[in-house]
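Here's a quick tour of one protein model. Have the sequence and the 3D view open as you read.

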Amino acid sequence: MKFAVIQFPGSSCDLDLYHAVTDVLGEKAEYVTHHETDLSAYDAILLPGGASYGDAVRAGALARTTSVMEAIIRAAEEGKPVLGVGNGFQILTEAGLLPGAFLKNRDQKFICRNVKVQVVNNRTLFTSEYAKGEELNIPIAHGEGNFYCDEETYGQLKENNQIVFVYSDGNPNGSVGDIAGLVNEKGNVLGMMPHPERAAESILGSEDGLNVFKSIVNEWRESHANQA
């Protein structure tokens, strides 16, 4: 399986994603700049965390205007897995690939620590290797991680089972419904504020995030085996 790790000016977690995919999982990955317009050579797209464009204007807003975003939107429409972590999640909402928006953290402070996250929906191509209700220990690092949507949208997210992860031991940022991660209606685009790539091997203190990437790979292999 071949992953595209998108690099925006200011991205800082692209190396972490690349390491998790290549060195830990043993899959293929390539860095792809924000100037790229064709992602047809890749099986999955990863949008990293870090302050793209220094979070100027609004987190993710300027990254949304880059050339590569139209290719990411096409890939999502084609059903390819698209994962946005941290700032990548913010970019996906700015692009309209996921609902909602992000506000500054409730306490107006940058937060960088491990949090407890519960798997609400394990029937997605990003969470199939987890058990429903499983609690994960994964780090967060953000200043604008307060996910917001109106009541109608929140009701739709619950009804459609789009909420994938929730904070389970206190809400660190004020997100509506304790939401830590959600998918689009089609189920192939996931945004999550916790960083699974920073919890992908024991030397980092937790391997709880690795199954996000294992799920993507295993679901891809299964789908291709069925097509063969």
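The notes below cover the core, one helix residue and two loop residues.

Keep in mind that this is a predicted model. Its largest nonpolar core has 68 residues, and helix H2 (residues 67-77) supplies the largest share of them, seven residues. Away from the core, two non-glycine residues with positive phi are worth a look: Val57 and Gln108.

**The core**
- Ile6, Leu39, Ile45, Ile72, Leu83 and Phe165 are the core members that touch the most other members.
- Take Leu39: setting aside neighbours within four places in sequence, Leu39 is in contact with Ala4, Ile6, Val32, Ile45, Val68, Ala71, Ile72 and Lys80.
- Among those partners of Leu39 are Ile6, Ile45 and Ile72, which also sit on the list of core members touching the most others.

**Thr93 in helix H3**
- Thr93 is part of helix H3, which spans residues 87-94.
- Is Thr93 buried or exposed? Its relative accessible area is 11%, so Thr93 counts as buried, the cut-off being under 20%.
- Beyond its neighbours within four places in sequence, Thr93 is in contact with Leu98, Pro99, Gly100, Ala101 and Phe102.

**Loop residues with positive phi**
- Val57 sits in the loop between strand S3 (44-47) and H2, and its phi is near 70°.
- With a relative accessible area of 69%, Val57 is exposed.
- Gln108 belongs to the loop that links strand S5 (101-103) and strand S6 (111-119), and its phi is about 60°.
- Gln108 is exposed too, at 57% relative accessibility.

Conventions
Residues numbered from 1 in each chain as written. Predicted model: local features only at pLDDT ≥ 70, side-chain atom pairs only at ≥ 80, totals over all residues. Heavy atoms only, no water. Helix = DSSP H or I, 4+ residues; strand = E, 2+ residues; numbered from the N terminus. Buried < 20%, exposed > 50% of the residue type's maximum accessible area, 1.4 Å probe, protein only. Contact = heavy atoms within 4.5 Å. Core = buried A, V, L, I, M, F, W, Y, C linked by side-chain atoms within 4.5 Å.
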